[in-house]
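Reader: I'm new to this one. Could you walk me through how to read it?

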Amino acid sequence: MTTGTLHRVFHSMGIAVHCTLVGINAKEAEERIAEAEKIFNEFDLRFSRFKETSELHQLNVSAGKAHKVSIEMFQVIKKCVALAEQTSGAFDPSVGGVLASYGYGLPKDFTPPSPLPTYRDISFNDSTLEITLASGQVLEPASVVKSMAIDIAAQAFRGVPGFMINAGGDIMTHGKFEDGALWNIAIQDPRDPRAIVGALGIENAGIATSGVYQTHGESKGQKWHHLVDMRTQESTSGILSATVVAPTCEQADTEATLTILLGITDGIARLERTGLPYFLILNDGLVKKNAAFAALEVPVGNLISKSA
Amino acid sequence: MTPFQKNLQKFFIFFFTAASVGIVAIGINRAKNAKGINYVPTPAPDQPTPAQNNTGTGATTATTGTAPSVQGTTQAANGAVLAYTGSTYQTPYGNVSAAIKVKDGKVVAVTMPQLPDSPPSLYAQPYLISQALQAGSANIQGVSGATYTSLAFKASLESAIAAAQKQGQKVTAQTPSVQTGSAASNPTTAPAPSVPRRYSEDD
């Protein structure tokens with residue numbers, strides 16, 4: 001058998017990237033995986049707030065001066081500002097300053113200016129590709145960048161009959177799994193990482209789950225997590241976990257993140273407007289999902305019953 | 001129309017009428033039963049006790065099939081398939097009890113009848129999957145969850161790789177393929193369940 005199902009894992013952007021390829025021979029798969037890994041590493045080198053050599057860090061320490069950036073950086077920051085405008089600043093790439101002040105990522109020993117600069121303080125020069133930040137403004141576009149990397153890395157697998165890229169829980173699927181089956185994706189239980197709360201079958205779709213349960217810590221006696229509502233500059237609450245299915249992983253991830261940031265009422269209203277399948281777990285364990293999601297659901301009992 | 005055709009017509013009318021009445025009766029019965037299941041327990045949101053301990057007992061019981069705490073409501077269904085219902089446990093997210101079906105000594109289905117499942121609102125019902133996945137008995141290709149970031153991730157990746165290397169593999173991936181009839185999956189290259197293992201080693 002020269003073709004089959006191949007699994008490969010590489011490490012990039014601080015996460016495990018798990019690729020599953022169906023219907024491709026091992027030699028070609030290795031080349032494709034190497035290409036995908038290269039794409040991830042390029043994103044990491046450019047957009048990491050944890051690397052002093054990254055283009056993002058150079059921008060973040062440009063200290064209020066016009067800073068020439070790559071077209072990729074320019075587009076990503078523009079995209080972040082557009083999302084900030086759509087959400088009245090609940091999402092704001094300036095969250096980097098808040099996270100850095102907690103000691104999460106660079107710059108080190110960062111004390112954010114008061115008042116904290118917002119997305120409105122970012123100015124763009126479209127003809128020279130220059131971005132000017134406010135003094136002491138630190139950007140973190142990570143929530144957009146990772147899923148973008150997944151979608152672009154998926155291009156490395158073009159022509160492969162079926163594949164899945166799973167980068168730290170954000171997943172892109174293409175084609176079918178073995179024997180024409182859908183990709184069965186489970187949703188992690190935000191309260192118990194060893195458990196799942198449901199599963200769904202998808203193809204040619206991205207799925208992302210955003211939650212307040214993985215990246216968190218304590219600073220000055222205050223609990224924080226990485227999703228900060230920049231309108232209040234506090235970590236949000238109300239929704240434990242938001243899962244969204246969309247044509248691209250980037251859209252799924254963006255909508256999932258924004259749902260958490262917007263909170264229950266505004267978040268669900270936005271999801272309803274998009275019409276995308278969604279599945280939310282609220283702080284009290286209550287589930288909110290739409291009919292589009294229910295149509296994709298697969299009973300977990302069916303998936304764990306096929307004993308080997 | 002010959003007498004035979006007339007009789008045939010009468011027969012069909014009688015047959016379909018009887019069948020319809022039967023189907024309606026079954027439907028009413030099912031609707032009545034469903035009411036009993038849809039009991040909604042009140043959650044206690046300010047008690048963030050993880051549900052894992054409680055549900056764990058049920059699910060472990062289910063996956064191992066040894067059922068020490070099973071309440072003994074055994075009933076034969078479809079011949080050799082036996083159904084068991086586990087004890088009910090209270091969690092902040094509702095009462096949990098697991099039910100399993102066993103055929104020829106193997107667990108063929110796990111359900112949680114205690115948790116309400118009436119749309120549009122229901123309580124997220126957790127399934128402990130690490131045992132199932134590690135036993136290679138889950139048809140799940142990926143788990144969508146919030147991102148792991150650097151520190152937790154590095155430790156977990158190293159352990160995942162170490163675990164895979166221990167098994168003489170070059171790489172790891174999360175789901176050993178147990179797709180029925182998947183000729184392509186080769187048992188010697190079946191990858192270790194890295195994602196669930198990562199989850200279980202992280203906490």
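Reader: Which strands form an open sheet in chain A, and in what order?

Author: Strands of a sheet pair through backbone hydrogen bonds, either parallel or antiparallel. Here three strands of chain A form an open sheet, ordered β3-β5-β4, with antiparallel pairing. Its edge strands, each pairing on one side only, are β3 (66-68) and β4 (123-125) of chain A. On average, neighbouring strands are turned by 25 degrees against each other, direction ignored. A strand is a DSSP run of E with at least two residues, and two strands pair if DSSP finds at least two bridges between them.

Reader: Over how many bridges do β4(A) and β5(A) pair?

Author: Over three, with β5(A) covering residues 130-132. Within β5(A), Ile131(A) stands opposite Phe124(A).

Before we go on: this is a predicted model, where local features need pLDDT of at least 70, side-chain atom pairs count only at pLDDT 80 or more, and totals for chains, interfaces and linings use all residues. Residues are numbered from 1 along each chain as its sequence is written, chains are lettered from A and ligands numbered from 1 in the order in which they are written, and side-chain values use heavy atoms, leaving out hydrogens and water.

Reader: Is Gln141(B) buried or exposed?

Author: Buried, at a relative accessible area of 4% (buried means under 20%, exposed over 50%, partly exposed in between, with a 1.4 Å probe and protein chains only). Gln141(B) sits in the loop between α3 (130-134) and β9 (142-144) of chain B. A polar atom of its side chain lies 2.6 Å from the backbone nitrogen of Asn184(A).

Reader: And where is Phe11(B)?

Author: In helix α1 (residues 3-37) of chain B. Phe11(B) is partly exposed, at 46%.

Technical notes:
Helices (H or I, at least four residues) and strands (E, at least two) are DSSP runs, numbered from the N terminus. A polar contact is a pair of N or O atoms within 3.5 Å; within protein, one must be able to donate a hydrogen and the other to accept it, and residues adjacent in sequence count only if both atoms are side-chain atoms. Axes are lines fitted to C-alpha atoms, for helices over the stretch in contact, and angles run from 0 to 180 degrees between N-to-C directions.
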